[in-house]
Amino acid sequence: MDSHDVQADLKHVLYDREQIQQRIAELAVAIDKDYEGRDLLIVGVLKGAVMVMADLARALHSHVTMDWMAVSSYGSGTQSSGVVRILKDLDSDLMGKHVLIVEDIIDSGLTLSWLKTNLESRGPASVEICAAFRKPDAAKVKIDVKYVGFDIPNEFVVGYGLDYAEKYRNLDFVGTLAPHVYE
Ligand SMILES: O=P(O)(O)OC[C@H]1O[C@H](OP(=O)(O)OP(=O)(O)O)[C@H](O)[C@@H]1O
Ligand code: HPA
Ligand SMILES: [Mg+2]
């Protein structure tokens with residue numbers, strides 16, 4: 001796929017690379033401050049969280065450990081199935097640890113709501129959430145999110161880790177997908 005094809009698939013850019021990096025840096029400052037003097041385990045949720053995890057981890061000044069989980073609830077469509085499957089579990093034992101789940105997006109909230117409850121049952125000292133994007137108008141469950149990059153409109157978005165049928169994850173910006181791509 002060449003760059004011309006990618007542009008044609010997008011309706012418009014919501015946040016460009018610089019805006020995203022600036023916001024991640026701000027979140028990192030808050031996280032460094034909140035967890036000062038405590039060991040933090042950041043948990044990236046594959047595959048969408050790869051970009052935000054890599055950028056956030058490098059923006060943090062404190063020591064952190066990193067682990068990964070892979071879950072899937074969307075398959076290849078644009079609607080959450082609501083059924084969350086663990087495709088890869090954590091390597092770490094969470095007992096007594098401060099855990100920060102790092103996600104690309106909160107859409108219906110079903111994935112994170114399920115995941116937070118799941119991780120809380122493993123005996124950690126705390127579990128909080130950091131998400132790069134959130135769609136307030138799409139929420140199907142209420143969920144406490146300590147760190148949010150941007151609240152965005154209720155439209156299907158791609159880029160910065162977010163895919164449509166596994167494509168567009170590698171874009172360094174986030175944009176809305178033109179309807180002709182998925183209709
Ligand atoms: O709030 P929700 O409606 O549950 O949607 C958010 C979740 O859906 C996407 O993951 P997906 O299941 O598509 O897997 P992926 O990260 O591999 O793309 C996204 O990365 C979040 O994990
Ligand atoms: O808007 C979205 N785009 C891509 N993946 C997603 N997973 C949940 N919402 C979205
Ligand atoms: Mg996805």
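**View 1. Tyr 160 sits in the loop between β8 (157-158) and β9 (174-177).** This is a predicted model: local features need pLDDT of at least 70, side-chain atom pairs count only at pLDDT 80 or more, and totals for chains, interfaces and linings use all residues. Residues are numbered from 1 along each chain as its sequence is written, while chains are lettered from A and ligands numbered from 1 in the order in which they are written. The strands and helices named here are DSSP runs numbered from the N terminus (helices: H or I, at least four residues; strands: E, at least two). What's odd about Tyr 160 is its positive phi of about 50°, even though it isn't a glycine. Most residues other than glycine have a negative phi.

**View 2. β8 belongs to an open sheet of 3 strands, in the order β1-β9-β8.** The pairing here is antiparallel (strands pair if DSSP finds at least two bridges between them). At the edges you'll find β1 (10-15) and β8, each pairing on one side only. Between β8 and β9 there are 2 bridges, and Val 158 stands opposite Gly 175 in β9.

**View 3. Another open sheet has 6 strands, running β4-β3-β2-β5-β6-β7.** Its pairing is mixed. The edge strands, each with a partner on one side only, are β4 (85-88) and β7 (147-151). Ignoring direction, neighbouring strands of this sheet are turned by 30° against each other on average (axes are lines fitted to C-alpha atoms, for helices over the stretch in contact; angles run from 0 to 180 degrees between N-to-C directions). Zoom in on β2 (residues 40-46) and β3 (residues 64-72), and you'll see them pair in the parallel sense over 7 bridges. Leu 40 faces Val 64 of β3 across that pairing.

**View 4. Helices α3 and α4 each meet the 6-stranded sheet.** Helix α3 (residues 50-59) packs on the sheet and touches β2, β3, β5 (98-106) and β6 (126-134) (contact means C-beta atoms, placed from the backbone, within 7 Å). The direction of α3 makes about 155° with that of β2. Helix α4 (residues 110-120) lies across β2, β3, β5 and β6, and runs at about 170° to β5.

**View 5. Helix α2 (residues 17-34) packs against α3.** Their axes are 9 Å apart and make an angle of about 55°. That makes α2 and α3 oblique to each other (under 35 degrees counts as roughly parallel, over 145 as roughly antiparallel, 65 to 115 as roughly perpendicular, and the rest as oblique). From α2 come Gln 21, Ile 24, Ala 25, Leu 27 and Ala 28, which meet Val 52, Asp 55, Leu 56 and Ala 59 in α3. Sorted by class, the residues of this contact are 7 nonpolar, 1 polar and 1 charged (Ala, Val, Leu, Ile, Met, Phe, Trp, Tyr, Cys and Pro count as nonpolar, Asp, Glu, Lys and Arg as charged, the others, Gly among them, as polar).

**View 6. A cis peptide bond joins Leu 46 and Lys 47.** Omega is about -5° at this bond. Lys 47 is in the loop between β2 and α3. Most peptide bonds are trans.

Key: Contact = placed C-beta atoms within 7 Å.
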